[in-house]
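Thanks for making the time today. Please take a moment with the structure on the screen, and then I will walk you through a few places in it.

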Amino acid sequence: MLRKKGSDLLKDREVLLDLDYTGETHGADCYGSLQNGGFIPPRYLNAAADDDDDPIYIHCENTSTPLTQPLGNYFRDGKTKIDFVLVWEVKSRRKRRARGKGRGEAEEVEEEQAAQEESRSEKRKAQLARWRDKFIQNIQSAGLLLEKEESSSVKKTVHYLKLSAPWDVLVYYAEELCLRAPLQAQPHPDFNTSAQILQKLYVPNIMADSVPNRPVDYYTCAFRKSKMEKFLGSEDHENYFTNTQRHRIVYEILARTVYGKRKRAEVGVARLLNEGAFKAAFPLHEGPFELPGYEIPPDQLNKRQVLYHYWARWSKWYKYQPLDHIREYFGEKIALYFAWLGFYTAWLLPAAIVGTFVFVSGIMTMSSNTPAKEICESGGRYLMCPLCETCKPWNMSDICPMAQVGYLFDHPGTVFFSVFMSFWAVTFLEYWKRKNATLAHHWDCMDFHEEEEPPRPEFAAMAPAMEENPVTGVKEPYFPEKARISRMLTGSMVIIIMLCVVMIFLVTVIIYRSIVSVMMYETGSSVLRTQAGNIANISSSMVNLALILLMGQVYTALAEQLTKWEMHRTQTQYEDAFTFKVFIFQFVNFYSSPFYVAFFKGRFVGYPGHYGTLFGMRNEDCGPGGCLIELAEQLFIIMMGKQLINNVQEFVIPKVKAWRQKKALSSVKKAQSGLEPQRWEQDYELIECEGLFDEYLEIVLQFGFITIFVAAFPLAPLFALLNNWAEVRLDAHKFVCEYRRPVAERAQNIGVWFIILEALSHVSVLVNAFLIAFTSDFLPRLLYQYKFDNDLHGYVNFTLAYAPPSYNYSSHGMCRYKAFRDDNGNYTLVYWELLAVRLGFIIAFEHVVFFVLRVIDWMVPDVPESLELKIKRERYLAKQALADNQEGLLVSGRMAHSPASDTFGNLKPTCRARGSPGGGTLRKAGLDTLSTDSEDAP
C-alpha cells in the first residue's frame, strides 16, 4: 500500500482503524475501535513501509463471525486458539465547562495551568497511542493473528487484543527456541520415595491420589522442522504444541517486537507495560476453576479445575502434589518451586519427629535433673547478690520452676539433635540435587541454558549511551562499568548504614528489656521478681518482631530502588543483586537478636562491685533458667509470629488487591451487565502474578531458624512443618484462583537460593557448635562429672562464686553469683580448664560433622544411576529419529570423539534456549542452527 500525505492520510487512517467510520475525526486515544470480533489478517501487511521509525498503516476487515461466543479460549470463528491477550484502557474525555464572564485573574491563571497540564497529558497519551499502534502492526508483521474486543462504560473503554500464533510461526520459533519434540512415550517414573517404601511394605498409601489427565511422558529431542515426520503427533497441528509452549512463543515475539526507535531500545512488550501503553499482557486461564453444579467425569474437567480440585483445596493437604500437571499449566520455574517446597516439607517430617521426641524426653527426664533438685531444695542456703542497684538479695530456691523448665532446652538430647540437624540439612540438600536432576530431565530442561540476555527495559530506557554487544554484534544501550561499580559501592554504604540502624534498634530493645526487668524487680513481689526476665524477654521479643517486619518492608523497597539505580544490564544480574541485598539485610534483621541472646548476653556483666554498664544501666545477665530458654522464647515468637503474619497476609492481601481491581472495573461491568463476562474479562479482574521471590525468601529464612539455632529450640522443625502444610495450599490457591496466569518460564533449578541454603547449612554447624560450647551447660556438667561427681551432686555450688570482700557487706551481706571466679573477682583455674574444653569441643565437633558431610556428599551422587541410563536411552532414540540412514549414524559416531562432543558421544547443540519471559525484552535474531547427530550436522 502506498503511503499518502496530508488530510488524505489522516482520513485513510481513521477508516482503516474504525470499521464504523462515519467521517468523524478521532484522536490517538481512539485507536483500535474495531467492532468486537474485528479480525485483522496478516495479508494486508505485505505493503507496509520499511522504515522502522515511521508508522505502518493497515487495512482491517470485519469477518463473518458467529453470533454466539464459542466455548473455550478461541477467536469468534471457534477454531483459532487465543494464545495471549493485550489490554489497555482509554478514559472518556470530559467536556470542558464554558468559561463564564467576569472571572477573576487568579481563576484564569488556574485555568491556563490546568490547560497546560491537560495538554501535556494529551501529548503523553498520543505518544503511547503511537507506540501501541506501531507495536500492534509490527506483531502482525511477525505473523500473529489478532482479534479485537472492547468493553465500554461512560468513564472508560477497556480494549482487549487477542493474539494467536499460526502453525508456520509456531514451527519457526519452536526450532529457534530449541523446544523439545516427542519421540516415544515412556512410563511415568515414580518420584515419591515414600510411595515406593509403602508399596514394598504392603501398606496402603493415603497420600496417593488419582489425578485425571496426567500429561504423557516422552523421550524427546530438539525440534527440527526438517524431521517433522519423525515426531509423535506432528500431523495434529491444533494440539501438537502445548498451550504453555504457545504462550512462550508468542511472548518471545512480543518481547522482540520494535515499537519505536531501535537505537533507543524501544523494543518489547515489557517496556510498553512499564511506560503504560498497555495495562496488562497475559495468557488466559483455561476456563473457570470452580467445579460445575452438575456431576461431570473427572477426565472432562479443564486443567485449571483439575489443579483446584486435586491440589489447591485444603482437603488435599496430605496428598502428593500433581507436579506434572503444575508444570504443564504454569511451566517449569513455578513447578520447581512447588517441587522444592513439597520435598522440603516432606523432609521436615523426620526432623519434626526427632525434635518432638527430644523435647518429650526432656519432659520425661526432668525429675531426674539433680541441679534443679538442689536449687528447689536449697531453701535459704544460696543467698544471691541483688539483680539491680536498688534491689535486695534473693534466694536461689525462688527460681525453682524456671530451673526445671530450663532443662527442657538444655539437656544431652539437644546436643544429639543439633548434630542430627547438621547431618539432616546437608543430606536434604544432596537428595534435593538428585530430585532436581530427575525433574529437570523429566521436564526436558536439563540442557536448558539462557542465551546472551538482552538489556532490561528500565536499563534500556535510562542508559546514557549505545555500544556494540561483543557477543551479538548489535548496538544496544550501555552503562560504563566504572560508573556501575561506583554506584554499587555507594549502595554498599547504604546497606551498611541500614544494618547499623538494625543494630540501633537491637540496642533499643536491650535497653527496653533492662528497664522492664528493673521495674519488675522493684515491685517487691517474689512472683514478679522471679518472672521478670521472662516478662521482659517475651514483651521485648514482640516489640522486636514488629521492628523486624517494619524494617523488612522499608529495606525491601530501598533495596529495589538501589538495585535499579545500580543499572544492572540484564534481568538475571538485577535479580541476583536484589536477592543478595535483601537476604543479607533480612539475615541480620531476623537473626541479630537471637545471636545477641545466644552469644553476647550475660558475657559482659562483670562481678559484684565491678558491674559493666550500658548508658548507666547494668548490663543484662541471663535469666534464672539460663540463656537457652530465653533464646527458645525469642525463636518461638519471631519464627511463629512471622509465619502467622505472613500467612494472614498471603490470605488477605490478594483478596484486597482483587477487590480493588474489580472496583476499578465496576463501571465497565455495570455497562455490560446483560452480557456473560468472557474469559479475558474475568482474567483481567485477577491480580498480576508477583513472582516467587517473597515465597523463596520466607522459606529460606525459615530454613535458617530450624538449622542455625536448633540446639535451643527442638520444636522448630515441627512448627515449620505445620506452617509449610498451610503454605503449599495458600500458594497453590493464589496461583490457581487469584493470579492471572503467568507466562511459563523454563528453569533447570531453584537458582541462587540453593547456594544460600548450602551456606546456611554450613553456618548452622558452626553456630550450633558455639551454642553448645558457650551457651549450654552441657560442657560444664560434663567437666564436673569427669572431675568430681558423676551424679552432679554439688554442681550448683560448683558454679557459684562469692562476692569479693570489697563489695558492700553492710548493705548486702555475703552473697553468691554465677561465675568461675575467686574471692577477688579473678578467674579460677576451672574457668580456664572449661575454656579449653569448650574450644576443643568446637574444633572436634565441626571437624567430625564436616567430615561426615563430605562423606555423605561423596556417597550420594547428584544424578541417579537410573537417570543416567534414561539420558543415554533418550539420546540413542534421538540419533535414530534424526538420522536418515546408517551412514549418518556412522558419521556421528566418528565425530563422537571430537572436542565438540559431550561425555555421551553426542554433538553439543549450538542452539540455546532463549531467556525466560521474566527477563524483559528479547533481541530479534535469525534462526539458530541446531547441530545434532544426523547427516545434517556440520
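Just after helix α3, you will find Cys178, which takes a positive phi of about 60°; please keep in mind, here and throughout, that this is a predicted model.

Let us step back into the helix itself. Helix α3 runs over residues 167-176, and 8 of its 10 residues are buried. Among those buried residues are Trp167, Val169, Leu170, Val171 and Tyr173, and the list also includes Glu175 and Glu176. What do the buried residues of α3 pack against? They pack against α5, the helix that covers residues 243-256.

Now to the strands, where β5, residues 180-186, pairs with β6 in the antiparallel sense, and the pairing extends over 6 bridges. If you would like one pair to look for, take Gln184, whose bridge partner in β6 is Tyr219. Strand β6 itself, residues 217-222, has 5 of its 6 residues buried, and therefore it is largely enclosed by the rest of the structure.

Finally, the nonpolar cores. The largest one has 126 residues, and the members that touch the most others are Trp311, Phe330, Trp340, Trp424 and Leu631. Helix α9, residues 332-364, gives this core its largest share, with 16 residues. Leaving aside residues up to four places away in sequence, Leu631 touches Pro594, Val597, Ala598, Phe709, Ala712 and Leu771. Apart from that core lies another, of 46 residues, and among its members are Trp88, Leu163, Trp167 and Ile253; Trp167, you may recall, is one of the buried residues of α3.

How values were computed: Residues are numbered from 1 along each chain as its sequence is written. This is a predicted model: local features need pLDDT of at least 70, side-chain atom pairs count only at pLDDT 80 or more; totals for chains, interfaces and linings use all residues. Side-chain values use heavy atoms; hydrogens and water are left out. Buried means under 20% relative accessible area, exposed over 50%, partly exposed in between (1.4 Å probe, protein chains only). Helices (H or I, at least four residues) and strands (E, at least two) are DSSP runs, numbered from the N terminus. Contact means heavy atoms within 4.5 Å. Two strands pair if DSSP finds at least two bridges between them. A nonpolar core is a set of buried Ala, Val, Leu, Ile, Met, Phe, Trp, Tyr and Cys residues joined through side-chain atoms within 4.5 Å.
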